[in-house]
Amino acid sequence: MESTMRSLISDQNKYKESFLMYIDRSTEHQCMQHFIDTKLPDIISSIRNGKTTIDVLSLGSGTGEMDLHILSKLQDTFPGHPINNYVVEPSQEHILMYKENASKALNIDNVTFTWHQKTTREIEQEIKEKNKFKKYDFIHMIQMLYYVKDVPATIEFFHRCLAPDGKLLIIVLSRNSGWINAYDKYGSQLPRNDLPINICSGEITDVLDSLQVKYENWDIESKLDITECFIEGNRNGQLLLDMLTETCDFNNTASTDLKALVLKHLETTEYSVKIEGKILLNTNLSVIVVDGQYTQR
Ligand SMILES: C[S@@+](CC[C@H](N)C(=O)[O-])C[C@H]1O[C@@H](n2cnc3c(N)ncnc32)[C@H](O)[C@@H]1O
């Protein structure tokens, strides 16, 4: 029988619902915020290099929480300097939530936002067609490269959009995370739409090595509470499973065998810990910061 499984990213409403549930049950944003608070000020200290205005490009911004945290750090680091923040995000739903979050955010009074409801590919094409190459001081791709068909070409193109003193920040799942390992095992049975859904840190650093660019990386620990995935009929658990498998309505469209295999994998002690009745999945992340400059060329 032909599979009826559909990729989650093909349905903006369902993606938004699952993404918000994921963020709610995960420590991901708190871990990223900690990184932004403790490491980012040093990383960005030299990006301005005498310029008055700072240009930031956010790719796959989601609902904007991480963007706003980064912008607030940039403003603290460069008080009095205006910031232009260019947002590239294909989901209209996410842009609406981003705008709402931005309207309530503190400490971003010197930031001008421009929202582009586009994919990275579309913005890249637009830049090339109009021959309007602009250099940015800070570019970030946070948890979004899974949805880009040609990751090396995307990284190469946006790296070329960096000012010489600029920085590109990439965050993806670590190789040791339970999610990536589940994808490596069962990805061929899931709807992928030709996307590199299980791309992780090692593949990104291989691309950066081949581009001969300078970069630094850090691993940060993050956990996802997947307890509800094991409660029959639990809606929150089903949304989490949709996000983890990148599948719309995984519970009702995957075969019984596949569901059992994925759940068994997620709760193995290699990837999850059981604490106070909760099952916490390893969703560790890698943060990679790339310099605008090349090592050699
Ligand atoms: C997992 S979310 C991450 C959102 C945000 N960066 C964060 O960490 O909270 C991935 C985001 O990438 C967006 N996205 C999907 N395909 C994309 C593409 N081809 N180009 C740019 N963004 C994309 C999605 O709409 C979604 O908002």
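How much space lies in the largest pocket? In this predicted model, the answer comes to about 910 Å³. Its lining takes in 44 residues, and the ones closest to the pocket centre are Ile9, Gly60, Pro90, Met144 and Tyr147. Quite a few elements chip in: helices H1 (12–25), H2 (28–38), H4 (65–77), H6 (120–130) and H7 (151–160), along with strand S5 (136–142), each supply at least two lining residues. H1 gives the largest share, with five residues. Chemically the lining of the largest pocket is a mixed bag, with 19 nonpolar, 16 polar and nine charged residues.

Then there's the ligand. It is surrounded by 17 residues, and His29, Gly60, Glu89, His94 and Ile142 are the closest. Gly60 thus turns up both here and among the residues closest to the centre of the largest pocket. On the polar side, a side-chain atom of Glu89 sits 2.6 Å from a ligand oxygen, while a polar side-chain atom of His29 is 2.9 Å from an oxygen atom of the ligand. Tyr147 joins in through its backbone instead: one of its N or O atoms lies 3.4 Å from a ligand nitrogen.

The second largest pocket has a volume of about 260 Å³. Its lining consists of Leu57, Tyr86, Val88, His116, Ile123, Glu126, Ile127, Lys130, Lys132, Lys134, Tyr136 and Phe158. H6 shows up again, this time with the largest share, four residues; strand S3 (83–88) also supplies at least two. Sorted by class, the lining of this pocket holds seven nonpolar, one polar and four charged residues.

As for enclosed space, the structure has three cavities of 30 Å³ or more, and the largest of them holds about 60 Å³. Around that largest cavity sit Trp179, Ala182, Tyr183, Tyr186, Leu190, Leu244, Thr245, Val262 and Leu266. Helices H8 (178–186), H10 (235–245) and H12 (256–267) each bring at least two residues to the lining, with H8 providing the largest share, four. No charged residue lines the largest cavity; the split is eight nonpolar and one polar.

Finally, a word on one of the sheets. Three strands make up an open, antiparallel sheet in the order S8-S11-S10. S8 (223–225) and S10 (272–275) are the edge strands, each pairing on one side only, and the twist averages 30 degrees from one strand to the next. S8 pairs with S11 (residues 278–282) over three bridges, and Lys223 stands opposite Asn282 in S11.

Conventions. Residues are numbered from 1 along each chain as its sequence is written. This is a predicted model: local features need pLDDT of at least 70, side-chain atom pairs count only at pLDDT 80 or more; totals for chains, interfaces and linings use all residues. Side-chain values use heavy atoms; hydrogens and water are left out. On a 1 Å grid over the protein atoms alone, a cavity is a set of points where a 1.4 Å probe fits but cannot get out, and a pocket is an open set with protein on both sides within 12 Å along at least five of seven lines; lining residues have an atom within 4 Å of a point. Grid points are joined across faces, edges and corners, and a volume is the space filled by probe spheres set on the points. Ala, Val, Leu, Ile, Met, Phe, Trp, Tyr, Cys and Pro count as nonpolar, Asp, Glu, Lys and Arg as charged, and the others, Gly among them, as polar. Two strands pair if DSSP finds at least two bridges between them. Axes are lines fitted to C-alpha atoms, for helices over the stretch in contact, and angles run from 0 to 180 degrees between N-to-C directions. A residue is near a molecule or strand if one of its heavy atoms lies within 4 Å of it. A polar contact is a pair of N or O atoms within 3.5 Å; within protein, one must be able to donate a hydrogen and the other to accept it, and residues adjacent in sequence count only if both atoms are side-chain atoms.
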